[in-house]
Every structure is written in structure tokens, then in C-alpha cells.
Amino acid sequence: MHDKTIAELATALRGGEVSSVELTEHYLRRIESLDGCLNSLITVTAEQALETARAADDARVRGEAGPLTGVPIVHKDIFCTQGVRTSCASRMLDNFISPYDAGVVERFKAAGCPVLGKTNMDEFAMGSSNETSFYGPVNNPWDTERVPGGSSGGSAAAVAARLAPGATGTDTGGSIRQPAALTGITGLKPTYGRVSRWGMIAFASSLDQGGPMARTAEDCGLMLNVMAGFDARDSTSLERPAEDFNACLNSTLRGLKIGLPREFFGEGMDPGVARVINEAIDFYRKLGAEFVDVDLPHSGLSVPVYYVVAPAECSSNLARFDGVRYGHRCEAPKDLMDLYMRSRGEGFGAEVQRRIMVGTYALSAGYFDAYYLKAQKIRRLIADDFRNAFEQVDVILAPATPTTAFRLGEKTADPVTMYLSDIYTIAVNLAGLPAMSLPAGFAEGLPVGMQLIGNYFDEARLLGVAHQYQMGTEWHQMAPAGFE
Amino acid sequence: MEWETVIGLEIHAQLSTKSKIFSGASTAYGAEPNTQACAVDLGLPGVLPVLNREVVRMAAKFGLAIGAPIAPRSIFARKNYFYPDLPKGYQISQYELPVVGRGQVEIELEDGATRTIGVTRAHLEEDAGKSLHEDYHGMTGVDLNRAGTPLLEIVSEPDMRCAREAVAYMKKIHALVRYLEICDGNMQEGSFRCDANVSIRRKGTDKLGTRAEIKNLNSFRFLERAINYEVERQIDILEGGGAVVQETRLFDPDKGETRSMRSKEEANDYRYFPDPDLLPLDIQADFIEQVRASLPELPDEKKHRFMNEYGLSAYDAGVLTASREMAEYFEQVAAALSGQAKLAANWVMGELTGALNRENREIGNSPVSAKALGGLLLRIQDNTISGKIAKEVFEAMWAGEGDADQVIERKGLKQITDTGAIEQVIDQVIAENPSQLEQYRSGKDKLFGFFVGQVMKRTGGKANPAQVNELLKQKLS
């Protein structure tokens with residue numbers, strides 16, 4: 001049962017082969033028996049999940065079931081869930097029970113999807129390996145000595161290990177695509193503004209975007225159909241006509257122009273990764289796609305620009321965690337300054353503190369122009385690069401990550417090395433474009449992700465290009481040993 | 001050594017919207033602590049601001065009223081600092097691109113002179129909550145009802161030269177926001193308050209002296225006293241060979257002095273940057289024209305109309321248009337008295353204002369309505385009563401004893417205009433005061449008043465004074 005995709009499970013539910021309660025119980029049992037060695041979930045919400053499952057089965061009897069009614073999922077613990085701890089994997093919010101649901105959570109509730117639990121992640125989504133979580137690292141199901149990537153590492157590992165058929169994630173600099181690549185699943189970061197940020201705890205507001213993580217492109221499309229849509233509570237939410245993101249799954253790729261950015265195929269890429277990506281290019285060529293070299297001349301500045309803009313926004317976004325109204329408060333503060341310093345010093349981990357300090361510095365009087373303002377200018381140039389490229393091509397293909405999953409602890413000593421693991425994903429967030437990662441093969445037994453980048457609002461086309469690949473390959477069907 | 005004072009004001013006017021600037025919570029004053037603070041106002045994780053469009057309309061109204069350009073694009077920025085009553089750890093404000101650009105207002109001083117005061121800018125921002133230090137046994141309570149209340153911060157140029165000019169400017173802005181109906185102007189509740197930047201320099205020099213900023217002045221009187229104290233303090237420092245430090249100061253109304261709150265070195269670096277949760281505020285030209293068309297008659301226009309239409313002096317017209325309510329009251333009274341606007345003006349500015357001040361009432365709560373006052377003044381106009389008797393009638397009306405005609409009737413205050421009756425009284429008075437008559441006739445003119453007084457006394461003040469004068473002159477000659 002757990003080997004089925006969301007699309008297959010939906011069909012099985014519709015056909016009465018299985019009930020939502022049976023399905024939910026099955027996944028809860030898998031979590032119970034298998035998550036011990038992964039640590040992909042921070043909170044398991046079995047009771048609520050079963051309650052929703054019962055309601056879903058009832059709705060089906062009444063003829064009121066929607067496309068995903070009864071399909072269980074998991075939410076990244078960055079989405080606020082009413083009555084359930086919403087920790088952001090931080091000690092700061094270990095005691096925080098959200099009084100309201102995020103927009104995304106509401107939508108999955110309305111769709112009738114039981115929520116099995118809240119997934120582990122890097123603290124406040126700051127990290128690329130899931131090692132900054134207050135609840136401990138997540139292990140990669142393909143090799144439990146290795147990281148699953150981050151920050152949506154728990155969501156990725158849970159889907160890869162078949163503990164849930166789909167998960168929500170968020171992507172600020174690669175946090176959906178990089179872990180999807182490292183765990184061999186499919187993940188989509190939509191166009192900025194597609195998915196409501198209401199109730200999605202902010203890391204860097206101008207970059208954060210929620211998106212689906214599942215095993216196939218088709219499943220991501222089904223989830224995006226639920227997640228996307230205008231939300232008046234988010235001023236950056238886009239008002240667009242409703243669309244079926246799976247409308248182009250079967251479109252032909254003949255004549256499709258795919259761009260290959262020279263800058264993404266240079267030094268630093270692991271030879272195993274390069275081989276897999278080249279095989280994927282050959283595959284698309286056989287389907288009739290044409291390849292064009294494109295230039296993204298400013299993409300080399302993406303990492304430095306990102307590490308000014310994102311920390312700057314985070315330093316301000318995380319100021320509300322002050323120990324006054326909710327969250328961690330230190331014992332017996334002797335005065336206000338002590339309350340602030342110790343509550344925040346104890347509540348935040350090292351990486352979060354590092355970024356708050358970097359961001360505070362970048363926004364400070366005398367440095368603002370040289371860092372923040374300059375970074376914003378380069379950000380525009382990076383977006384212009386993509387705009388120019390999309391005048392020549394329909395989609396861009398690139399590796400999702402320079403290497404496969406690295407060992408736990410391998411990069412924690414040097415933050416810059418860690419930051420460079422997002423080198424191929426960050427530019428997309430700075431430009432606000434949609435992009436996805438899908439499994440394209442293995443290098444030394446570990447999954448390799450291919451990245452497809454689309455023009456603004458081109459999610460349906462991206463999903464079609466990915467689906468055609470998955471129709472002709474089996475990489476997305478591979479299950480890690482022990483989790484089949 | 002002669003010193004010149006330089007003052008600039010930052011006025012915070014709370015915009016009278018029903019809901020907050022970035023959330024749907026109510027802005028009503030006086031609710032139980034934290035009952036009017038929603039998830040957004042509390043700064044819960046994951047919440048986002050959405051701009052209340054009504055504040056934009058209000059800001060545009062103000063901008064147009066002071067002749068300022070309305071920015072086609074303005075930006076909301078975050079002002080970052082930590083304080084327990086600032087839930088997000090930043091205040092959403094406008095920094096580099098405010099919604100209202102440079103404008104000006106004209107103020108009138110008591111000697112009739114006018115001055116133009118520049119308004120540098122006005123921008124939209126959210127208010128913080130309130131820290132409550134009493135009743136918590138050494139702890140601090142936080143009430144977030146006020147958090148997110150919309151404010152228009154109106155920043156002046158350093159154009160004022162004394163406390164009285166500053167007060168006149170603050171009153172002018174106060175009148176303006178109330179005319180525009182964008183702020184209730186309630187200073188006790190903090191809906192209208194200001195910070196004053198005060199510095200001094202040697203007369204004749206152009207360079208500004210080091211300034212002190214006096215925070216949170218919520219009455220015209222406090223503003224005047226705080227500035228006067230501060231000017232003296234700075235003069236003492238400079239004349240004693242010292243230097244003024246740039247700092248923020250608080251005014252203590254009980255002691256009548258300002259004291260240091262924090263110096264420039266301790267000041268926050270607010271790390272302003274554009275709020276990524278809010279889009280730039282774009283304002284279309286047709287919206288501005290719509291707002292322009294909705295503007296009421298403004299104080300200056302009204303004042304000039306009063307001067308032309310009613311023949312009032314600049315001073316009277318200025319006083320009567322100081323508030324929209326007073327101007328409306330005056331116009332209703334004047335309408336009742338065809339052609340005698342001056343009588344209406346004198347009564348509104350005199351008896352009525354005196355009685356209101358005595359009981360600390362607003363004109364809207366006057367026990368004597370404009371219509372009732374008009375009815376009273378009509379009786380002066382048609383000689384039913386004298387002006388002096390009218391004051392007695394007014395007091396009775398104020399005390400709720402009925403309208404003018406009822407009071408005149410009940411108290412028998414109708415004026416005596418029968419020449420025969422007045423002559424009779426005059427004859428009696430002359431007969432009873434032979435020595436005064438002799439003195440008067442021998443050249444002591446001043447005694448004329450004595451005879452008038454006696455006649456009025458004997459008639460209970462009801463004799464028509466003009467007739468009394470006329471007849472006395474004849475009889476005494």
C-alpha cells in the first residue's frame with residue numbers, strides 16, 4: 001500500500017479498495033516502527049489523523065469526496081497547526097501550541113487529508129542538512145549515516161521512506177529541492193506568491209515559498225492543486241485564475257527548448273552527479289527536446305547575495321521571539337535585558353544566532369548600503385539573467401546539488417562549505433521563479449537530483465516536463481533498502 | 001547675549017479608523033487589556049500584515065489639505081528595536097518614501113501676525129502597545145490593545161521660534177485633522193500628541209544648535225511649559241560655558257521640568273529596511289482626485305469666508321473657525337439673526353465660550369443649543385430685552401430653565417420701552433436726589449452715570465438703556 005503514489009492511493013480510495021482509516025493506520029504503524037532510525041517527525045498526531053480519516057470516509061459515503069480526500073500527508077513543522085505544537089524545530093517554540101492554522105494547513109484540512117504529524121527540519125529552516133534541529137538530525141533513509149539535506153529534511157526523509165505519500169515543505173534557498181535531490185524524491189518550489197505564507201513561520205519573507213514534496217511530479221501537481229491559491233491575509237499572495245497544475249502532464253516535449261546554464265556545469269560538481277545529469281539530457285534529447293546553452297552571468301553571486309538578504313530579513317523576522325508573550329523564557333530574569341539575552345541565547349541554536357548576527361550587521365547604520373542595498377541590486381540582475389534566458393528557452397535544466405548526500409557532521413564545522421551545497425538552488429529563490437528537483441539516477445548508491453527551472457507561473461509546464469521523464473524512467477520508483 | 005529658539009514638532013495623530021492599520025481588530029479605546037489584540041497584533045509566529053486602505057484615504061486627505069504632493073509610490077519599512085510592548089520587535093512605518101510630501105500651514109499669533117510653517121512630510125505607521133508599571137508588584141504588564149492602531153506622523157520643519165508659535169502650530173494641525181475627520185483629536189486618550197525638537201542659537205546665526213527631543217507631549221499647555229523650561233535650561237548651559245547634549249528628554253508636568261531619558265550614544269540603530277511582507281503602496285491619480293473632491297471647507301478658507309460674508313475681524317474669524325464644531329455653531333446662530341453676525345460672534349466667543357470653559361465642556365455638549373442661543377439674541381435684536389438682561393436669561397437657559405422666551409416671560413424680564421413709564425421713574429429719581437442734581441448741573445458730568453444706574457436699578461434693569469440715556473439727557477439739562 002505504501003508503495004503507491006498519491007494518485008494511486010486516491011484511485012484506490014475512490015474505488016473502495018481501501019478506506020482512509022485503514023490507510024492512515026497503516027502509515028501510523030510504519031512511522032511507529034521505522035521512524036526511530038530516521039527521526040523525520042517531531043510530533044505524531046495519530047488521533048487527529050484518524051479523526052480526519054473517519055470524516056474523510058464519511059464524506060466519501062455522502063458523495064462529497066474531493067480528489068485527495070482521505071490521502072494522509074505530513075506537514076513541515078514550520079506551518080502553524082491549531083492545537084498542535086508548532087516548533088520550527090527550535091527550543092524557542094518547543095512549548096508553542098499554535099492557536100490557528102496556516103493557510104496551507106486549512107487547505108489540506110478542507111481537502112480532507114489526514115495529517116500524520118509534523119516533520120523535522122533545520123531550526124527555523126536555517127540549514128542544508130537538517131542538523132540544526134533542536135530535536136536532533138534526520139537520517140537519510142538511503143544511508144542513515146548521511147544527511148537528508150535541509151531544511152525540509154524530515155519531509156524528504158518521510159516521503160522517501162514511505163512514511164507518508166506526500167509532505168509539505170518550504171523553500172527559501174533550496175530547502176525543498178536540495179533535500180528532495182538527496183533523498184531521491186520529487187519536490188516543487190512554486191513561483192513566489194503562489195502559496196500563501198499566512199501561518200508559515202517566516203525565515204526570509206521575500207524568499208520563503210511553500211511547496212509539495214512527493215514521489216512523482218504528478219503527485220506534486222495534485223498537492224499543488226490543493227496548496228496554491230490567493231489568500232487575502234498574505235499581501236504578497238498572487239491573485240490568479242484557478243488552474244489545474246497537472247493539465248500539461250502529457251504534453252509532448254518535441255521542440256521544447258531546454259536551456260543549460262554554463263555557470264551550473266563548471267567546477268565543484270561531483271563527477272557522479274555530472275554523469276547522471278548528462279544521461280538525463282540524452283533522455284530528453286531522445287524525446288525531441290532541443291538543448292541551448294544559456295548564460296546566467298550573475299548567478300555566481302547568488303550565494304553571497306542570499307547570505308546578506310536572507311539573514312537581514314531573518315534578523316528582523318525572529319525579533320518577535322523575545323520571551324515576552326510565548327515561546328521559551330529563561331528562568332528568573334533579573335531585568336529586561338537579561339530576559340531578552342538569556343531567552344534568545346537559550347532558545348536559539350548556533351546557526352540561527354549566527355544568521356541573526358550577520359543580518360543585524362548587514363542592516364546596521366553605515367553598512368546598509370554596502371551590504372543590503374547592494375545585494376538587492378544584484379538580486380535584480382540575477383532575475384534579469386533568468387528573464388533573458390527565458391526569451392530563448394522554455395525551461396532550464398541543471399543539477400539540483402553539486403554532490404550527493406554527505407555524511408552527518410561532515411560540513412557542520414564550516415558554515416561556508418555548508419552554504420555552498422545550495423549553490424544551484426539559491427538563484428531561483430532570489431528571482432522568485434518556480435523550480436523542481438526530481439530523481440535522475442544514482443551515484444555510488446546515493447540519489448542524484450535533476451533540477452528543472454521554469455518561467456514565472458510555469459509550474460504546469462515544469463510538471464509536464466518532469467512527468468514525461470518519469471514516464472520513461474524508474475528512478476522515482478526506487479525505494480531505499482529497509483523501507484520498501 | 002541674545003538667543004534664538006528653534007523648534008520643530010513631530011505630531012502623532014491617531015487615524016480614526018474602525019479597525020487597525022494591519023489587522024481587523026477594533027481600535028476602540030478603553031477596552032479590557034489585550035481584548036482587542038488579534039493574532040497579528042500579538043505578533044504570533046506566521047502572521048502577516050494587510051494594509052487597511054482607509055488609512056491611505058485619510059493620509060491623502062491630510063496631504064491635500066496642506067498642499068503637499070501625495071506620493072504615487074510609497075514604501076512601508078520596518079523600524080527594528082526591542083521593547084516588551086512592541087510585539088514583533090519592529091514597528092511598521094514609512095522611512096525613505098513617505099505617503100505625504102512637503103506642505104505647509106499658516107499660523108496666526110495673538111498679535112494678529114501670521115507665519116508659515118513648513119511640513120516636511122507625513123507618514124503612516126502603527127502604534128505600539130502600552131507597558132503598565134503599576135499594580136504588578138515590581139513586574140510590568142503589557143496591554144496590546146493599542147498595538148497596530150494607525151498613526152499619521154506629521155513632521156514639521158524647524159520653523160517655530162517660540163513656545164507660543166509651537167502651540168499655535170499644534171493647534172492648527174489639531175483643527176485640521178478634526179476638520180478632515182481623520183482624527184478625533186482626543187489628547188487625554190493620546191489620540192493626538194507630539195514630540196518637540198528644541199534647540200537654541202545665537203541670534204543672527206544660521207547654524208542650528210544641538211537639539212533635545214522632548215517626547216510624548218499630550219496637551220498644548222505641557223508643550224508650552226516644556227519648551228519654555230527647555231529653552232531656559234539650554235541657555236543656562238550655554239551661558240555657563242557648557243554644551244547641550246543631543247538626547248531624548250521627558251517632561252514631568254508635576255515638577256514642570258524636562259529630564260534626560262537617553263543620550264544619542266544610547267540611541268537605537270533602528271536598522272530600517274523595506275518590509276518584505278507588504279507591497280509598495282501605489283496610489284493612482286484618480287484616487288487622489290476623488291479624495292480632493294471629498295475635502296470639506298478647511299479652516300483657512302472658512303476664516304476668509306467669515307471675514308467676507310459676516311464682516312468679522314481676522315481675529316474673530318480665526319477664533320470662530322478654530323474648530324469645525326464652533327464654526328458650525330456660530331453659523332447657525334448667525335443664520336437666526338439676519339445681518340447681525342457681530343452680535344452672534346460676540347456671544348459665541350464671550351458668554352458661551354466662558355460658560356463652556358467654566359464647566360470644561362465641549363461645544364457639542366453645550367446645554368444651550370445654537371438654535372436656542374439664536375432665539376435669545378433675537379430678543380436683544382428686537383429690543384425685548386437688553387444685552388445685560390440677556391446674560392441673566394442665558395444663565396437660566398444654561399441651567400435648563402427653558403428657552404429664551406419662556407425665561408423672559410416667567411421672570412418678567414421684558415424690557416420697558418414705554419417712554420411715559422421711563423419718564424415717571426426718571427422724575428422720581430431726580431426728585432429723590434437733589435444734591436446730585438445740583439452737582440451735575442454745576443458741571444460734574446460724571447454723575448450722569450449715577451442717574452442711569454438709579455433708573456436701571458429701580459426698573460430691575462429692564463428699562464431700554466438707549467431710551468433711558470436719551471430721556472435723562474433731556475430731563476437733566
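**Exercise 1. The fold of chain A**

Task: Find what share of the contacts in chain A with a separation of 6 or more comes from residues 24 or more positions apart, then set the radius of gyration of chain A beside the value for a compact globule.

Solution: Start with the contacts. Residues 24 or more positions apart supply 77% of those contacts in chain A with a separation of 6 or more. Keep in mind that this is a predicted model; the predictor assigns the complex an ipTM of 0.96 and a pTM of 0.90.

Next, take the radius. A compact globule of 484 residues would have a radius of gyration near 23 Å, and chain A has 21 Å, which agrees. The C-alpha trace of chain A spans about 65 × 55 × 45 Å along its principal axes.

Finish with burial and secondary structure. Of the 484 residues in chain A, 61% count as buried. The chain contains 15 helices and 11 strands.

**Exercise 2. Where the chains touch**

Task: Work out how many residues chain A and chain B each bring to the contact, and which element gives the most to the side of chain A that touches chain B.

Solution: First, the totals: 34 residues come from chain A and 25 residues from chain B. On the side of chain A that touches chain B, the elements giving two or more residues are α9 (302–317), α10 (336–347) and α11 (350–363) of chain A. Of these, α9(A) gives the most, with 3 residues. Sorted by class, that side of chain A has 18 nonpolar, 9 polar and 7 charged residues.

Now look at one residue, A:Ala319, found in the loop between α9 and α10 of chain A. Beyond its neighbours within four places in sequence, A:Ala319 is in contact with B:Asn80, B:Phe82, B:Lys88, B:Gly89 and B:Tyr90. Is A:Ala319 buried or exposed? The cut-off for buried is 20 or more other C-beta atoms within 10 Å; A:Ala319 has 23 C-beta neighbours inside 10 Å, so it counts as buried. As a check on distance, the C-alpha atoms of A:Ala319 and A:Ile258 are separated by 43 Å, with their positions 61 residues apart along the chain.

**Exercise 3. A helix of chain B**

Task: Test whether the length of helix α10 (residues 370–381) of chain B agrees or disagrees with its number of residues, and describe what covers its buried residues.

Solution: Begin with the length. At 1.5 Å a residue, the 12 residues of α10(B) should span 16 Å, and the end C-alpha atoms are 16 Å apart, so the two agree.

Then list the buried positions: B:Ala370, B:Leu373, B:Gly375, B:Leu376, B:Leu377, B:Arg379 and B:Ile380. Their cover includes α8 (324–336), α9 (341–359), α11 (387–398) and α12 (404–411) of chain B. After the helix comes B:Asn383, with a positive phi near 65°. As for confidence, chain B has a mean pLDDT of 92, and 100% of its residues reach 70 or more.

**Exercise 4. Strands of chain B**

Task: Trace the order of the open sheet of 3 strands in chain B, then describe the hairpin of β12(B) and β13(B).

Solution: The open sheet has the order β4-β3-β14 in chain B, with antiparallel pairing. β4 (90–94) and β14 (273–274) each have a single partner strand and stand at the edges, so one side of each lacks a neighbour in the sheet. Strand β3 (residues 76–80) of chain B pairs with β14(B) over 2 bridges, in the antiparallel sense, and B:Ala77 stands opposite B:Pro274.

Turn to the hairpin. Strand β12 (residues 247–252) of chain B runs antiparallel to β13(B), joined by 6 bridges, with B:Asp252 opposite B:Glu257. The hairpin has 4 residues between its strands, and B:Gly256 in the turn has a positive phi of about 70°.

**Exercise 5. Backbone details**

Task: Compare the burial of A:Phe457 with that of B:Arg271, then locate the cis peptide bond to A:Ser151.

Solution: A:Phe457 has a positive phi near 70° and lies in the loop between β11 (446–454) and α15 (459–472) of chain A. With 16 other C-beta atoms within 10 Å, A:Phe457 is partly exposed.

B:Arg271 has a positive phi near 45° and sits in the loop between β13 (257–263) and β14 of chain B. B:Arg271 is buried, with 25 other C-beta atoms within 10 Å.

Last, the peptide bond from A:Gly150 to A:Ser151 is cis, with omega near 10°. A:Ser151 belongs to the loop between β3 (115–119) and α5 (153–160) of chain A.

Terms used
Residues are numbered from 1 along each chain as its sequence is written. Chains are lettered from A and ligands numbered from 1 in the order in which they are written. This is a predicted model: local features need pLDDT of at least 70, side-chain atom pairs count only at pLDDT 80 or more; totals for chains, interfaces and linings use all residues. The expected span of a helix is 1.5 Å times one less than its number of residues. A residue is buried if 20 or more other C-beta atoms lie within 10 Å of its own, exposed if 12 or fewer, and partly exposed in between; C-beta atoms are placed from the backbone. Two residues are in contact if their C-beta atoms, placed from the backbone, lie within 7 Å. pLDDT is the predictor's confidence in each residue, from 0 to 100. Two strands pair if DSSP finds at least two bridges between them. Ala, Val, Leu, Ile, Met, Phe, Trp, Tyr, Cys and Pro count as nonpolar, Asp, Glu, Lys and Arg as charged, and the others, Gly among them, as polar. The radius of gyration is taken over C-alpha atoms; the globule rule is 2.2 Å times the number of residues to the power 0.38.
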